[in-house]
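Subject: Structure for you, with notes

Hello,

Here is the structure we talked about. Please open it first, then read the notes below.

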Amino acid sequence: MRSPKDFFKPLAIGAPQPVREIPFRPSRMIHFFDPSNPKMAAKVPDIAKGVDIILGNLEDAIQADRKVAARQGLVDIAKATDFGATQLWTRINSLDSPWVLDDLTTLVTEIGDKLDVIMVPKVEGPEDIHYVDRLIAQLEARAKLERPILVHALLETASGVRRVEEIAAASPRMQGISLGPADLAASRRMKTTRVGGGHPGYLVRTDPVGDDLSEGRQTYQQDLWHYTVSRMVDACVSNGILPFYGPFGDIRDTVACEDQFRNAYLLGCVGAWSLHPVQIAIAKKVFSPEPSEVAWARRVIKAMGDGTGAVMIDGKMQDDATYKQCLVVAELADALADRDPELASAYDKATEEALAND
Ligand SMILES: CC(C)(COP(=O)(O)OP(=O)(O)OC[C@H]1O[C@@H](n2cnc3c(N)ncnc32)[C@H](O)[C@@H]1OP(=O)(O)O)[C@@H](O)C(=O)NCCC(=O)NCCSC(=O)C[C@H](O)C(=O)O
Ligand SMILES: [Mg+2]
């Protein structure tokens, strides 16, 4: 076994030095496309300009007889496209599949210089990350890459959830984790056939009034994913990596998609997947803090000076802890503003207005 001191040493001679910190880059949406679908592939250069992350999917949703075409399609698109500040990711096939070895070998050697992150599906435990970690290092060395490719795990098995903390800590390559609610539901034998979102049967009911058990009792639908998302967020944040909500499969239901994304945002996720162009704007809206929230955060930070002590603002107590909460929002806003001039001016305008009243 390697010593803990070796954690940050390359796993192959000639592989690039692993990163010590995962850089925060705007990651509001991971936009999935099928590289074997000529219509979708043709849209990639344009879509890439409007998303934070674009992902060439090789796993589920790609037919078995299109796997090789999808892999080659991604190589061709990556070589032909300048992605600018947009991150290029891929989702490889599962580690027990007949395609994954060629996925990794081809992608790292042919487009490793363009790939930011490799998403690994159906991760069961840290040993899955150790396997891809070493293999990627060998391939990076072969391709003479200068920058390490990062790894993102999909949380979509009961065993993966049970070991999520070990997965998050498995390698310096670990960039983040996404919830995969469809596979996770199947793995856990949950009785929902939906891809993410709630279920009308999962509810709480108000108590009866008097003896009548059937009349006048409100029901409230509950969040099936609260436990898993919260656990994933803790595992990620305590290991310095980024948590994401995954897919919302009812493309028509943009309202419930927005709700699901917002729940994840409020619980600490940095982004979600978009499966269809219509979901890109939803993710952008939800995962960018509201200008009024940013203005409030900046107001509190200004009033708190060095961040210690307590002050009252608009009747609300602020102290060291609320100062830190506000830093989370303000720092996210600054990172997004660097990428998005429209957001930058909306944030500055709201802040000026808020500060003018102080
Ligand atoms: C879901 C889709 C199959 C729907 O496609 P389609 O029927 O073609 O929809 P539209 O007619 O509304 O499409 C309008 C045009 O937009 C293009 N399009 C559609 N989706 C995309 C996209 N993702 N990127 C780029 N362009 C897209 C269509 O080609 C149409 O173009 P045109 O005809 O020229 O106007 C489809 O959206 C799709 O396949 N999406 C991706 C699905 C996917 O990646 N699924 C896997 C991720 S979810 C998962 O794996 C579960 C998870 O792991 C878990 O376990 O929870
Ligand atoms: Mg899945």
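A definition before anything else: two strands count as paired if DSSP finds at least two bridges between them. Please also keep in mind that this is a predicted model.

The sheet

With that definition in hand, take β2 and β3. Strand β2 (residues 53-57) and strand β3 (residues 87-91) run parallel and pair over five bridges. One of the positions to look at is I53, whose bridge partner in β3 is Q87. In general, strands of a sheet pair through backbone hydrogen bonds, in a parallel or an antiparallel way.

Now the whole sheet. It is open and has eight strands, in the order β9-β6-β5-β4-β3-β2-β1-β10, with parallel pairing. The edges are β9 (242-244) and β10 (272-274). Each has a single partner strand, so one side of each is left without a neighbour in the sheet. On average, neighbouring strands are turned by 25° against each other, direction ignored.

The ligand

Which residues come closest to ligand 1? They are F32, K43, A182, L275 and H276, out of 20 residues that surround ligand 1. The shell divides into 10 nonpolar, four polar and six charged residues.

Several elements contribute. β1 (29-33), α1 (38-49) and α7 (181-188) each supply at least two residues of the shell. α1 gives the most, with four residues.

Three polar approaches to oxygen atoms of ligand 1 are worth a look on screen:

- H276: a polar side-chain atom lies 2.7 Å from an oxygen atom of ligand 1.
- E156: a polar side-chain atom lies 2.9 Å from an oxygen atom of ligand 1.
- P181: here a polar backbone atom is involved, 3.1 Å from an oxygen atom of ligand 1.

Ligand 1 taken alone exposes 1,000 Å², and the protein buries 65% of that.

What the record adds

These annotations come from an unreviewed UniProt entry. The feature "binding site" is placed at E156 and D183. They are spread over 28 residues of sequence but cluster in space, with a largest C-alpha distance of 5.2 Å.

UniProt also has a "binding site" annotation that covers R91 and E156. These two span 66 residues in sequence, yet no two of their C-alpha atoms are more than 13.7 Å apart, so they gather at one spot.

Where do R91 and E156 sit in the fold? R91 is in strand β3. E156 is in the loop between β5 (150-155) and α5 (158-162). E156 also appears in the contact list above, through its side chain.

Lastly, UniProt lists residues 29-194 as "domain: HpcH/HpaI aldolase/citrate lyase", again from an unreviewed entry. Over that range the chain is 45% helix and 19% strand. The end C-alpha atoms of the range are 20 Å apart.

Best wishes

Terms used. Residues numbered from 1 in each chain as written. Chains lettered and ligands numbered in written order. Predicted model: local features only at pLDDT ≥ 70, side-chain atom pairs only at ≥ 80, totals over all residues. Heavy atoms only, no water. Axes fitted to C-alpha atoms, helices over the stretch in contact; angles between N-to-C directions. Near = heavy atom within 4 Å. Polar contact = N/O pair within 3.5 Å; in protein donor to acceptor, adjacent residues only side chain to side chain. Areas by Shrake-Rupley, 256 points an atom, 1.4 Å probe, with all protein chains shown as cover. Nonpolar A, V, L, I, M, F, W, Y, C, P; charged D, E, K, R; others polar. UniProt positions renumbered as here; feature names shortened; annotations may be inferred.
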